[in-house]
Amino acid sequence: SIHLLLNAVCNRSEEWTGRHIALASNAVAYFYIYQPRFWRLVAMSLPRLVWSMNPLDLSNLVSAMARVDRRDPRSLIIVARMCRRCAGRHLFSQETLATTINAFAKLDFNHPKLARALEDAAVNKLDRALELGPDYRRSGSLRDSDVFDVQALVLLFQTFVALVGTSDDVALKVLTLLSWSKDELSDYQRRVLKTTSVVLKHQHPQLLKNMNRDCREALHVFEKASLKVATFESRWTSELRRTLRKMDINAELKPLVDDQVLDIWLPSSKAVICSPGPYSYYAGTTHRTAYSKLHQRLLEMEGYTCLTVP
């Protein structure tokens, strides 16, 4: 039924507006529909309609593309121009700004001018929250001040520290706000923060030395947290493990750096077999996703030798 409805929408693409593209893309991505015709029509319509899209529309569109790993460089360049303009004028709300920054990073699209504009807009909101003090989330002025909520802070921390990189100053600002809200975090948010803390430890050593007590305690909580999240093993990993068993190779299955992802570990050599399956690549490309590459980087940071079997 969804595919029939989507075909009807595609047949009337000449009537689309920018809002139609954003809402349709968001709905299609929610159900993980990869229909090439729809995404091709979106790409063809963007040069005509992107200039009429507001920040919410832009955020919905780029987040939808990230959800289905649709890395279309031409479309992303067009959307990025409009996002940069909106970020420079501080038109993004806290939730749309955080999701937009994360979506571009997830798509491994890191244009310098766009990254600078988005980070400046984020720092503006971070500074505003820091000025309100540790009780800013209980002050009743969160909505009026338009400062980042907990989910937005988690996305920013992962994006800035683990995916695109940032300065010690920006990382400390986000971590400070997270330390004030550490009791509100869910297990899945703690899981993201736990892996991000590994990257922070290796890439920002000077920050760790100069960190205040509250941030240090929060980071310790993130690193040592006992999480209740569902683990999963990909089909390609399962098939590869069966092959290794037939070859009489001693291999263990355990979550080494991510509590939700099971890795194939060779205990005799402290090597890990990375098995990026089809969902570890952007749709229709041989370009590995940012999250897939991040998982391998985490393993290497922790001292494991990674053997990639695509």
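Which side chain meets that of Asp146 in a salt bridge? Select Asp146 and look for Lys125: their side chains form a salt bridge with 2.6 Å from N to O. Keep in mind on this tour that the model is predicted.

**Around the first pair**

Asp146 sits in the loop between α8 (142-145) and α9, while Lys125 belongs to helix α7, so the salt bridge ties together parts that are 21 residues apart in sequence. Lys125 has a relative accessible area of 6%, under the 20% cut-off, and therefore counts as buried.

**The nonpolar core**

Next, select Phe104, Phe148 and Leu200. These residues have the most contacts inside the largest nonpolar core, which has 93 residues. Now select helix α9, residues 150-164: the largest share of this core, 10 residues, comes from there.

Return to Leu200 and display its surroundings. Leaving out residues up to four places away in sequence, Leu200 touches several others, including Phe157, Val161, Leu175 and Met211. A second, separate core has six residues; among them are Leu240, Leu244, Ile264 and Leu266.

**The sheet**

Select the strands. The open sheet has four of them, in the order β1-β2-β3-β4, and their pairing is mixed. At the edges are β1 (252-254) and β4 (305-308), each of which pairs on one side only. From one strand to the next, the twist averages 35 degrees.

Zoom in on β2 (residues 263-266) and β3 (residues 271-274), which pair in the antiparallel sense over three bridges. Here Leu266 stands opposite Ala271 in β3.

Add helix α14 (residues 235-246), which packs on the sheet and touches β1, β2 and β3. The direction of α14 makes about 25 degrees with that of β2. Then add helix α15 (residues 290-301), which also packs on the sheet, touching β2, β3 and β4. The direction of α15 makes about 145 degrees with that of β4.

**More salt bridges**

Stay on helix α15 and select Lys293. Its salt bridge partner is Asp108, with the closest N and O atoms 2.7 Å apart. Asp108 lies in the loop between α6 (94-106) and α7 (112-132), and the two residues are 185 residues apart. Lys293 is partly exposed, at 33% relative accessibility, whereas Asp108 is buried, at 19%.

Next, select Asp259 in the loop between β1 and β2, and Lys194 in helix α11 (residues 187-203). They form a salt bridge whose closest N and O atoms are 3.1 Å apart. Asp259 is partly exposed, at 22% relative accessibility.

Last, select Asp127, Asp169 and Lys173, which salt bridges with shared partners join into one network. The structure has 10 salt bridges in total.

How values were computed:
Residues are numbered from 1 along each chain as its sequence is written. This is a predicted model: local features need pLDDT of at least 70, side-chain atom pairs count only at pLDDT 80 or more; totals for chains, interfaces and linings use all residues. Side-chain values use heavy atoms; hydrogens and water are left out. A nonpolar core is a set of buried Ala, Val, Leu, Ile, Met, Phe, Trp, Tyr and Cys residues joined through side-chain atoms within 4.5 Å. Buried means under 20% relative accessible area, exposed over 50%, partly exposed in between (1.4 Å probe, protein chains only). Helices (H or I, at least four residues) and strands (E, at least two) are DSSP runs, numbered from the N terminus. Contact means heavy atoms within 4.5 Å. Two strands pair if DSSP finds at least two bridges between them. Axes are lines fitted to C-alpha atoms, for helices over the stretch in contact, and angles run from 0 to 180 degrees between N-to-C directions. A salt bridge is a side-chain nitrogen of Lys or Arg within 4 Å of a carboxyl oxygen of Asp or Glu.
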